[in-house]
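User: I would like to learn how to read a model of this kind with care, one feature at a time. Could we begin with a helix and go on from there?

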Amino acid sequence: MYQEFYGFRELPFEITPHPKFLFLSPLHREALGNLQYGLSSSKAITVLIGEAGTGKTTLLHAALASDRCRHVNCVHINSPTLTRAEFIETLALRFGLSQHATESKAALLDELEPLLREGRTLGKVFALVVDEAQSLSTELLEEVRLLANCETESDKLLPIVLAGQPELRDRLNERGLRQLKQRVTLRCELQPFKLEETAMYIATRLRAAGSDASRIFTREAVTLIHESSLGIPRTINVICDNALVTGFGLERRPIDREMVADVVRDFDLGADAVGSPRPIVDSGDEPVRGAAKADDESQADASRSRPLFSAFRGH
Ligand SMILES: Nc1ncnc2c1ncn2[C@@H]1O[C@H](COP(=O)(O)OP(=O)(O)OP(=O)(O)O)[C@@H](O)[C@H]1O
Ligand SMILES: [Mg+2]
């Protein structure tokens with residue numbers, strides 16, 4: 001709809017985990033490295049924790065699509081409210097086992113272990129990824145622990161990744177799940193973006209869609225997007241997409257703070273942020289441009305706006 005108006009080849013802020021739009025903050029990069037290492041080197045259990053919308057599923061997709069995990073055959077479960085019987089059935093079907101293996105855990109393991117061993121001799125790794133793992137019942141978490149026990153004398157046969165919201169951390173601290181927790185060999189936590197990371201994230205997506213960040217949002221608009229999204233990528237996408245619709249409707253570019261504020265009010269996000277004084281620059285909105293502009297600013301203003309500014313300039 002608005003692509004032509006802004007010069008995009010495609011929509012920049014869809015809320016699907018598209019690898020083309022991947023942005024890695026230092027924490028996201030570290031988490032991606034952990035996932036790749038855990039899956040490809042057959043670590044027992046890797047845990048990835050992060051608030052809703054911080055990018056866990058996006059990183060899982062990126063890890064599994066990466067060269068380092070090319071040899072990994074992964075069963076990906078993202079509906080963790082299964083019963084125990086459904087869990088066993090799902091595993092059996094997704095690992096390509098027989099109907100008999102769907103009937104009980106013993107039957108599942110009877111077929112799964114030889115498959116994992118044979119795969120290993122051929123250089124293949126089978127892995128299990130459970131997304132939304134904070135919703136797994138204690139019973140299923142216990143099943144996961146037993147699967148993590150499949151091993152040869154020297155190697156874990158089924159690397160497992162558990163990804164979930166911060167409640168997963170609490171689950172793993174339950175006394176009854178301490179054996180599971182002890183098998184966690186890699187662990188990482190995603191945090192919401194800092195201001196500079198939000199700016200880089202927006203700039204990365206705009207560039208991937210075929211446009212230049214400096215022509216689309218003012219710095220003040222980006223600051224308000226950050227404050228009202230609390231640095232959560234999914235919310236950043238929703239605000240940016242709606243701000244682009246608003247700008248298109250009004251035929252105005254770049255999008256300024258007021259236009260973002262309208263969206264933020266419509267979505268009932270960060271009301272305090274909309275009402276608060278602008279924290280980065282005190283004067284009117286400035287489109288984000290090149291390095292020369294930063295040199296014009298007073299020392300104090302420059303130091304406050306530089307991180308955001310360089311974020312846009314650096315890509
Ligand atoms: N690092 C990133 N690079 C690019 N886009 C991202 C990134 N992180 C998140 N996103 C965007 O935000 C959306 C939400 O991210 P994602 O679904 O991965 O979050 P999540 O942590 O799995 O959330 P939930 O706990 O609700 O499942 C993604 O569809 C994607 O559009
Ligand atoms: Mg997810």
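User: How many residues does helix H9 have, and how far does helix H9 reach from its first C-alpha to its last?

Analyst: A helix can be judged by setting its end-to-end reach against an expected span. In this predicted model, helix H9 covers residues 195–208, which makes 14 residues, and the 20 Å from its first C-alpha to its last is close to the 20 Å expected at 1.5 Å a residue. Just after H9, glycine 210 takes a positive phi of about 105°.

User: Which residues of H9 are buried?

Analyst: The buried residues of H9 include Glu197 and Arg205, together with Thr198, Ala199, Met200, Tyr201, Ile202, Ala203 and Leu206.

User: How should I read burial for a single residue, and why does alanine 63 count as buried?

Analyst: Burial is read here from a count of neighbours, with 20 or more other C-beta atoms within 10 Å as the cut-off. Alanine 63 has 26 C-beta neighbours inside 10 Å and therefore counts as buried. Alanine 63 is placed in helix H3, and, leaving aside neighbours within four places in sequence, its contacts are Leu32, Leu35, Gln36, Leu39 and Cys69. The C-alpha atom of alanine 63 is also separated by 9.3 Å from that of tyrosine 37, a residue 26 residues apart from it along the chain. For the chain as a whole, 38% of the 315 residues count as buried.

User: Which residues are closest to ligand 1, and where does ligand 1 lie with respect to the domains?

Analyst: A ligand site can be described by the residues of its shell and by the elements that supply them. Ligand 1 is surrounded by 19 residues, of which Gly55, Lys56, Thr57, Thr58 and Pro233 are the closest. The elements giving two or more residues to this shell are helix H3 (56–65) and helix H12 (233–250). By type, the shell residues divide into seven nonpolar, ten polar and two charged. Because domain 1 (26–189) and domain 2 (193–313) both give residues to the shell, ligand 1 lies between them.

User: What is the mean pLDDT of the chain, and over which residues does pLDDT stay under 50?

Analyst: The mean pLDDT of the chain is 86, with 85% of its residues reaching 70 or more. pLDDT stays under 50 over residues 275–283, for which the model has 14 contacts beyond four places in sequence. The pLDDT is also below 50 over residues 288–315, a stretch with 42 contacts in the model beyond near neighbours in sequence. Where pLDDT is low, the predicted coordinates should not be read in detail.

Terms used. Residues are numbered from 1 along each chain as its sequence is written. Chains are lettered from A and ligands numbered from 1 in the order in which they are written. This is a predicted model: local features need pLDDT of at least 70, side-chain atom pairs count only at pLDDT 80 or more; totals for chains, interfaces and linings use all residues. Helices (H or I, at least four residues) and strands (E, at least two) are DSSP runs, numbered from the N terminus. The expected span of a helix is 1.5 Å times one less than its number of residues. A residue is buried if 20 or more other C-beta atoms lie within 10 Å of its own, exposed if 12 or fewer, and partly exposed in between; C-beta atoms are placed from the backbone. A residue is near a molecule or strand if its C-beta atom, placed from the backbone, lies within 6 Å of it. Ala, Val, Leu, Ile, Met, Phe, Trp, Tyr, Cys and Pro count as nonpolar, Asp, Glu, Lys and Arg as charged, and the others, Gly among them, as polar. Domain bounds come from an automatic or database domain assignment. pLDDT is the predictor's confidence in each residue, from 0 to 100. Two residues are in contact if their C-beta atoms, placed from the backbone, lie within 7 Å.
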